[in-house]
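The exercises below ask the reader to follow a fold from its strands to its pocket and its charged pairs. Each task is followed by a worked solution that goes step by step.

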Amino acid sequence: MPLSHIEHVLIQTSDMAATRDWYVRVLGFRVGPNPDFKFPVCWLYLGEQDVIHITEGGAQVSENRKRYVGQESAATEGSGVIDHVAFRCTGLAQMLEHLTALGVPFKRRQVNDQGLYQLFLFDPNGVKVELNFANSEARGIRPELMASDLPG
């Protein structure tokens, strides 16, 4: 069940365009492809790696976002805009056993068009952690929700 690296950070904002443009203009990120989650999202890349994910935050978050990712903070400024930290992982079955044995609650999600099986859990401080596994590891392991099942 090894974690290999931090994969991305999700920033929620009341102005996706201004946030996107700042990271592109000031830090040299580029806008790249992202899956269709049925809620607004913009992925920013360094080289070939998506590093920052931007989505709507605040009080007007879509129901699809709340169902898929959740929303622990309605903040649109300060460190409360960091919704979660994501890690790339291998060993899905072992991680599921490990979390279950420890009694750590988690949610199972799947993104078909990206080939990604996701676990969402919380650290002791309430920080959301996303663990990403290749869909090929998820054969026979049903998610609780698939992004493609959200209303479009």
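Strands, like helices, are taken as DSSP runs numbered from the N terminus, with at least two residues of type E for a strand and at least four of type H or I for a helix. The model is predicted, so local features need pLDDT of at least 70 and side-chain atom pairs count only at pLDDT 80 or more, whereas totals for chains, interfaces and linings use all residues. Residues are numbered from 1 along each chain as its sequence is written, and side-chain values use heavy atoms, with hydrogens and water left out.

**Exercise 1. The sheet**

Task: Determine the order of the strands in the open sheet, and state which strands are its edge strands.

Solution. Step one is the criterion: two strands pair if DSSP finds at least two bridges between them. Strands of a sheet pair through backbone hydrogen bonds, either parallel or antiparallel.

Step two is the order, which for this open sheet of 9 strands reads S2-S3-S4-S1-S5-S8-S7-S6-S9, with mixed pairing. The edge strands are S2 (30-32) and S9 (145-146), each of which pairs on one side only.

Step three looks at S1 and its partners. S1 and S5 run antiparallel and are joined by 7 bridges, while S1 and S4 pair in the parallel sense over 5 bridges. Leu10 shows both contacts, since it stands opposite His84 in S5 and has His53 as its bridge partner in S4.

Step four moves to S3 and S4, which run antiparallel with 6 bridges between them. Tyr45 has Asp50 as its bridge partner in S4, and in the hairpin of these two strands, with 2 residues between them, Gly47 takes a positive phi near 65°.

**Exercise 2. The largest pocket**

Task: Find which strand gives the largest share of the lining of the largest pocket, and describe how the lining residues divide into nonpolar, polar and charged.

Solution. Step one fixes the terms. On a 1 Å grid over the protein atoms alone, a pocket is an open set of points with protein on both sides within 12 Å along at least five of seven lines, and lining residues have an atom within 4 Å of a point. Grid points are joined across faces, edges and corners, and a volume is the space filled by probe spheres set on the points, the probe being of 1.4 Å.

Step two gives the volume, about 220 Å³ for the largest pocket. Of the 21 residues that line this pocket, His8, Trp43, His53, Gln118 and Glu130 are the closest to its centre.

Step three assigns the lining to strands: S1 (3-13), S3 (41-46), S4 (49-56), S5 (82-89), S7 (116-122) and S8 (128-134) each supply at least two residues. The largest share, 4 residues, comes from S1.

Step four sorts the lining into 9 nonpolar, 8 polar and 4 charged residues. Here Ala, Val, Leu, Ile, Met, Phe, Trp, Tyr, Cys and Pro count as nonpolar, Asp, Glu, Lys and Arg as charged, and the others, Gly among them, as polar.

**Exercise 3. Salt bridges**

Task: Work out which parts of the chain are linked by the salt bridge of Glu7 and Arg88, and which by the pair of Glu144 and Arg108.

Solution. Step one is the cut-off: a salt bridge has a side-chain nitrogen of Lys or Arg within 4 Å of a carboxyl oxygen of Asp or Glu. The structure holds 10 salt bridges.

Step two takes Glu7 and Arg88, whose closest N and O atoms are 2.5 Å apart. This pair links distant parts of the chain, with Glu7 in S1 and Arg88 in S5, 81 residues apart. Glu7 is buried at a relative accessible area of 6%, whereas Arg88 is partly exposed at 27%; buried means under 20%, exposed over 50% and partly exposed in between, with a 1.4 Å probe and protein chains only.

Step three turns to Glu144, which meets Arg108 in a salt bridge of 3.9 Å, N to O. Glu144 lies in the loop between S8 and S9 and Arg108 in S6 (residues 107-111), so the pair ties together parts that are 36 residues apart in sequence. Glu144 also meets Arg109 in a salt bridge, at 3.4 Å from N to O. Arg109 is buried at 6% relative accessibility, whereas Glu144 is partly exposed at 43%.

Step four adds a network of salt bridges that links Arg65, Glu72, Asp83 and Lys128.
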